[in-house]
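Trainee: Could we go through this model together? I would like to see how each term is earned.

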Amino acid sequence: MSKIYSLIALLPFIQFGLVNAHVAAWAKGMYCLNGTRPGIDDQDNSAPVQPLFELSKNDWWMQGITKCMDFPPPQGTFLTLPANRDFKVELATNRGFTTLGWGGTRLTKFAGPINVPEDQFGKSGKCITDPNIHTINEETAAGTVFAIAYKSDPRAVQPEDLTVFTVKYHTVWYREVTYDVPDLPECPPDGCVCAWGWVPTDTCGEPNMYMQPFKCTVTGSSPNARPVAPAKPPVYCEGNPSGCTAGAKQMVFYNQLEGNNVQYDSAKGNPYYNERMGFKEGRQADIFT
Ligand SMILES: *[C@@H]1O[C@H](CO)[C@@H](O)[C@H](O)[C@H]1NC(C)=O
């Protein structure tokens, strides 16, 4: 996309202040796809993209603060996780920049419109704020995850029920991201609860976190799929692999008023979903009982 063209594409969004938004994972089965105003189908929805920082547990857990959980996907609509294969979602700062908004007419390769030519994106050496993806380049992008709980009500899920089952290093960067699925067992009839998680790059903005709810289901489990074990909090263990939490790990919850499972250590940096907190890339094969 040429510079002029992408600037023009961006103009309407600058007016609405949406360039200050952050990022969500967009896919069927997400809560609050249409936004958080009853009866309104908002193609420019940015409700689920908000970062979570210094909030009470009811406010940060699954985005209680935005009321996203009050807007479930339609009955029977799930994020489908094919066991031993993979699934694709779109990471973007607004529904309007995904295939789920405006009929997919405002897409770029990245998590939102960019204001430099594609081959210059991420070359400035500074934190990218447009789109607001909290990284300098793809290499410094810290990583994102999906977690699963074998319960159907996101409010009933406890941290130990919600196990990180897939990790993608060097995201958020491109819009389309593919996550690998281990041999997860099947979900209850009303589906499982899944959550997308992100801890952004520590030099690019406040040390906050993202936690976004989905209704999900697993297809194609193998007959010998085993239950997912109760998850334990991850710990800082970069350069000390034997100090990492082994097996099923919880999502990272930090810098909230309550309910933290990781104590933020500014000397070690933000608790990333990568080697820093003992998360290997790809499907997490060691999470089963
Ligand atoms: C979102 O809006 C569309 C179009 O109005 C509607 O068909 C769909 O049911 C809405 N989704 C939910 C969960 O309300």
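Trainee: Which classes of residue make up the shell around the ligand?

Mentor: By class there are two nonpolar, one polar and one charged residues. Pro counts as nonpolar, Asp as charged, and residues such as Asn fall among the others, the polar ones. Before we go on: this is a predicted model, where local features need pLDDT of at least 70, side-chain atom pairs count only at pLDDT 80 or more, and totals for chains, interfaces and linings use all residues. Residues are numbered from 1 along each chain as its sequence is written, and side-chain values use heavy atoms, with hydrogens and water left out.

Trainee: What makes the pair between Asp-41 and the ligand a polar contact?

Mentor: A polar side-chain atom of Asp-41 lies 3.3 Å from a ligand oxygen. A polar contact is a pair of N or O atoms within 3.5 Å, so this pair qualifies. For Asn-34, a side-chain N or O atom is 2.4 Å from an oxygen of the ligand.

Trainee: Why are E2 and E9 called edge strands?

Mentor: The open sheet runs E2-E8-E7-E4-E5-E9. E2 (79–82) and E9 (282–283) each have a single partner strand, so one side of each lacks a neighbour in the sheet.

Trainee: How do you know that E2 and E8 pair?

Mentor: Pairing takes at least two bridges found by DSSP. Four bridges join E2 to E8 (residues 210–219), so they pair, and they run parallel. Leu-81 stands opposite Val-218 in E8.

Conventions. A polar contact is a pair of N or O atoms within 3.5 Å; within protein, one must be able to donate a hydrogen and the other to accept it, and residues adjacent in sequence count only if both atoms are side-chain atoms. Helices (H or I, at least four residues) and strands (E, at least two) are DSSP runs, numbered from the N terminus.
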